[in-house]
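This briefing walks through selected features of a structure, grouped by topic. Please keep the sequence and the model in view while reading.

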Amino acid sequence: MTNRWVYLSPLVIALTLGIILYTAIGKDPTKLETARLNDPIPAFKLPKLSDANVFLTQENLKGELTLLNVWATWCPSCKAEHGYLNELSKKGVKIIGLNYKDERDPALAWLEKLGNPYEFVIYDKHGKLGFDLGVYGAPETYLVDAKGVVRYRHVGVVNHQVWQSTFMPLIQQYNLTN
Amino acid sequence: MKKISQLIVLILMSPTFVSISYANVDLYEFSSSEYRIRYLSLIKELRCPKCQNQDIADSNSPIASDMRSEVHRLVEQGSSNDDVVNFMVDRFGEFVSYKPRVQPSTYLLWYGPWALIAFGVIIISLIVRRRSALIGTQEDSKEGTHEEVEKLLANYSGTRDDKN
């Protein structure tokens, strides 16, 4: 009996390892964990995109469930998702923009031309807040709860499918708990 | 064939290739050579979140360049190596460290190979011990057979002598 166990155990171990490794197949390796998940938005003090004299802080993100959308004019995927953000904002979703490593004038021109879905836009010229959030590629969209805590981060374009399958269930969950 | 290899050598020697390998030399100044050495080792230990499988020393993506500048700032501020790595892990996750911290989620990574080696050694030693035990008993029985053979041989030679 022990004899059989000795000879079978390498097989058992290989199978266990195989199953563990198999579950990782098909995972998108470019999607990283969100280090800031369930942490408050890092402290910041940055000007408003539309008015260099007005400064915004993490306090401006508190109050209700909000989307924080990281975008820039140099980012083609941001253009791709912009139309859908406009749609969401028309439906009454509160979206705050984080203009990331961009120039003020082209960014304002972009909003003029493509429409402005944002309640206000934080102008993060040097990517300071982006860095503290762990932004590694625009567009990124954060779900921030009423207390200013990061509840979810989506890297890449937000479209109808992403909205329905990932954001809606979370929004319902956090609206209920708040 | 020779022409192709000459072409390859030419391509590798061309200025575009050479310049790529020098693309990421930042011109940071350090107040001490110890800081410079620590900076250089840290940027090799941190992984670029955007261009995965490259360290931030090796990558010219904007995020890697931002990270290098933060490493420089932190080192100059007097932060320890652990502080710098923790600073990056807080923002970008465990992924950015090529030397993951030892914690429950990385136990498998750190101790898994050792556990497998230990397990293999145990299995092999069990098998070897069993084999040698088996061979031992076989040798005992060999002694017996040896005597028998001698006896048979003796008988045989006896009969042969008779014939002669």
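In which sense do strand E6 and strand E7 of chain A pair, and over how many bridges? In this predicted model, strand E6 (residues 140-144) and strand E7 (residues 150-155) of chain A pair in the antiparallel sense, and five bridges join them. The points below begin with this pair of strands, then turn to chain B, to one of its helices, and to the contact between the chains.

**The hairpin in chain A**

- Within the pairing of E6(A) and E7(A), A:Leu143 has A:Tyr152 of E7(A) as its bridge partner.
- Five residues lie between the two strands of this hairpin, and A:Gly148 takes a positive phi near 80° there.

**Chain B as a whole**

- The secondary structure of chain B consists of six helices and zero strands, so that, as DSSP runs numbered from the N terminus, its elements read α-α-α-α-α-α.
- Of the 164 residues in chain B, 15% are buried.
- Among the contacts in chain B with a separation of 6 or more, 44% are between residues 24 or more positions apart.

**Helix H3 of chain B**

- Helix H3 of chain B (residues 33-45) has 13 residues, which at 1.5 Å a residue should span 18 Å, and this agrees with the 19 Å between its end C-alpha atoms; the expected span is 1.5 Å times one less than the number of residues.
- The buried residues of H3(B) are B:Tyr39, B:Leu42 and B:Ile43, and because they fall within an arc of 95° when the helix is seen down its axis, they line one face of H3(B).
- These buried residues of H3(B) pack against H4 and H5 of chain B, whereas B:Ser33, B:Glu34, B:Ile37 and B:Ser41, on the other side of H3(B), are exposed.

**The contact between chain A and chain B**

- The contact takes 14 residues from chain A and 14 residues from chain B.
- On the side of chain B that touches chain A, at least two residues each come from helix H4 (62-77), helix H5 (81-92) and helix H6 (107-163) of chain B, and H5(B) gives the most, with four residues.
- By residue type, the side of chain B that touches chain A divides into seven nonpolar, five charged and two polar residues.
- Helices H4 and H5 of chain B thus appear twice in this briefing, as elements against which the buried residues of H3(B) pack and as contributors to the side of chain B that touches chain A.

Conventions:
Residues are numbered from 1 along each chain as its sequence is written. Chains are lettered from A and ligands numbered from 1 in the order in which they are written. This is a predicted model: local features need pLDDT of at least 70, side-chain atom pairs count only at pLDDT 80 or more; totals for chains, interfaces and linings use all residues. Two strands pair if DSSP finds at least two bridges between them. A residue is buried if 20 or more other C-beta atoms lie within 10 Å of its own, exposed if 12 or fewer, and partly exposed in between; C-beta atoms are placed from the backbone. Two residues are in contact if their C-beta atoms, placed from the backbone, lie within 7 Å. Ala, Val, Leu, Ile, Met, Phe, Trp, Tyr, Cys and Pro count as nonpolar, Asp, Glu, Lys and Arg as charged, and the others, Gly among them, as polar. The arc is that of the directions from the helix axis to the C-beta atoms.
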